[in-house]
Amino acid sequence: MTPLFPRLLLATGNQGKLVELTRILEAGQVKVELVSLAEFPGAPDVRETGATFAENALLKARAMAEFTGLPAVADDSGLCVDALNGMPGVLSARWSGKHGDDAANLWLVLGQLADVPDERRGAHFACTAALVLPSGREHLTEGIVQGRLIHEPRGENGFGYDPIFVPDAAELTRLPDGLASPGLTTAQMSPEAKDRISHRGKALRALAPIIAAVVNSDSVTDR
């Protein structure tokens, strides 16, 4: 049976990302049926071997568009620290040597910044989102949130480096009054506040109108 709307694959097994993109697409009135990798057993495990966020996002989106025959969205993101010349960057999830060890990664960064004064602890989270269509057309968007790193973790709501990242006050101007106060880490913010200013949220919101414009016109059919 032909789907009511074109199908769009989010190339991740992360349920939180699926919920976030669903919310963004609905807010933008983008008419697609969003599906995840859970519907495609045997999907390849794509290694993130790129030197940039864009390269890694494209690696994943290209592989999944080819495997499924669907337009695919993927993203890559990380923390870029000024005093570490932009690192850990694409190595953020495995900075300590083991992929996904959030605590070890966080404490390694803090150790490397132990003697760095507050005025040189600038950092930003960056995300690149990629849309790859079965026809071969590709689109990239980027989201960045500027801030600084504190000396000790604060907050329980976030993950990764959230407990040591404080967004710049200028980032908070995107929020309704009272939703977040200056000086909070992203791990101390509510999920709603964090979503509004997050690097991933910015990248995906920028991608939404592109999805609306090209997915429906690309004559996508299921394999």
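**Exercise 1. A network of charges**

Which residues are linked with Arg7 in a network of salt bridges?

*Solution.* The model is a predicted one. Start from Arg7. Its partners in the network of salt bridges are Glu33 and Glu39. Now place Arg7 in the fold. Strand S1 spans residues 7-10, and Arg7 is among the buried residues of S1.

**Exercise 2. Salt bridges across the chain**

Count the salt bridges, then find which parts of the chain Arg94 and Glu48 tie together.

*Solution.* Step one is the count: the structure holds 11 salt bridges. Step two takes one pair. Arg94 and Glu48 form a salt bridge, with 4.0 Å between the closest N and O atoms. Step three locates the partners. Arg94 sits in the loop between strand S3 (72-81) and helix H3 (102-112). Glu48 sits in the loop between strand S2 (33-36) and helix H2 (53-68). The two parts are 46 residues apart in sequence, so the salt bridge ties them together. Step four checks accessibility. Arg94 has 25% relative accessibility and counts as partly exposed. Glu48, at 25%, is also partly exposed.

**Exercise 3. Two salt bridges of helix H4**

Take the pairs Lys194 with Asp162 and Glu192 with Arg196. Are the residues of each pair buried or partly exposed?

*Solution.* Begin with Lys194 and Asp162. Their side chains meet in a salt bridge at 2.4 Å, N to O. Lys194 belongs to helix H4 (residues 191-197). Asp162 lies in the loop between strand S5 (138-149) and strand S6 (165-167). The partners are 32 residues apart, and the pair links distant parts of the chain. Both Lys194 and Asp162 are buried.

Next comes Glu192 with Arg196. This salt bridge has an N to O distance of 3.4 Å. Both residues lie in helix H4. They are four residues apart, about one turn of the helix. Glu192 is partly exposed at 44% relative accessibility. Arg196 is partly exposed at 35%.

**Exercise 4. Reading the sheet**

What is the strand order of the open sheet, and which strands stand at its edges?

*Solution.* Write down the order: S2-S1-S3-S4-S5-S6. That makes an open sheet of six strands with mixed pairing. Now look for the edges. S2 and S6 each have a single partner strand, so one side of each lacks a neighbour in the sheet. From one strand to the next, the twist averages 35°.

Zoom in on S1 and S2. They pair in the parallel sense over four bridges. Leu9 of the model stands opposite Val35 in S2.

Then inspect both faces of S1. In a regular strand, side chains alternate between the two faces of the sheet. Arg7 and Leu9 are buried on one side of S1. Leu8 and Leu10 are buried on the other, and both faces are covered.

**Exercise 5. Helices against the sheet**

Which strands does helix H1 lie across, and which does helix H5? Which residues of H3 are buried?

*Solution.* Take H1 (residues 15-27). It lies across S1, S2 and S3 and runs at about 170° to S2. Take H5 (residues 199-214). H5 lies across S1, S3, S4 and S5, at about 165° to S5.

Turn to H3. Its buried residues are Asn105, Leu106, Val109 and Leu110. Viewed down the axis of H3, they fall within an arc of 130°, so they line one face of the helix. The cover over these buried residues includes S5.

**Exercise 6. A residue in strand S4**

Is Thr128 buried or exposed, and what does Thr128 touch?

*Solution.* Thr128 lies in strand S4 (residues 122-132). Its relative accessible area is 7%, so Thr128 is buried. Leave out residues up to four places away in sequence. The contacts of Thr128 are then Phe53, Ala54, Ala57, Ala74, Asp75, Asp76, Leu140, Thr141 and Glu142.

**Exercise 7. Cysteines without a bond**

How many disulfides does the structure hold? Why is Cys80 not bonded to Cys127?

*Solution.* The count is zero disulfides. The cut-off for a disulfide is a pair of sulfur atoms within 2.5 Å. The closest cysteine sulfur to that of Cys80 is in Cys127, 11 Å away, and this is too far for a bond. Cys127 is in no disulfide either. Now check burial. Cys80 is buried at 8% relative accessibility. Cys127 is buried at 0%.

Definitions and conventions:
Residues numbered from 1 in each chain as written. Predicted model: local features only at pLDDT ≥ 70, side-chain atom pairs only at ≥ 80, totals over all residues. Heavy atoms only, no water. Buried < 20%, exposed > 50% of the residue type's maximum accessible area, 1.4 Å probe, protein only. Contact = heavy atoms within 4.5 Å. Pairing = 2+ DSSP bridges. Axes fitted to C-alpha atoms, helices over the stretch in contact; angles between N-to-C directions. Arc of directions from axis to C-beta.
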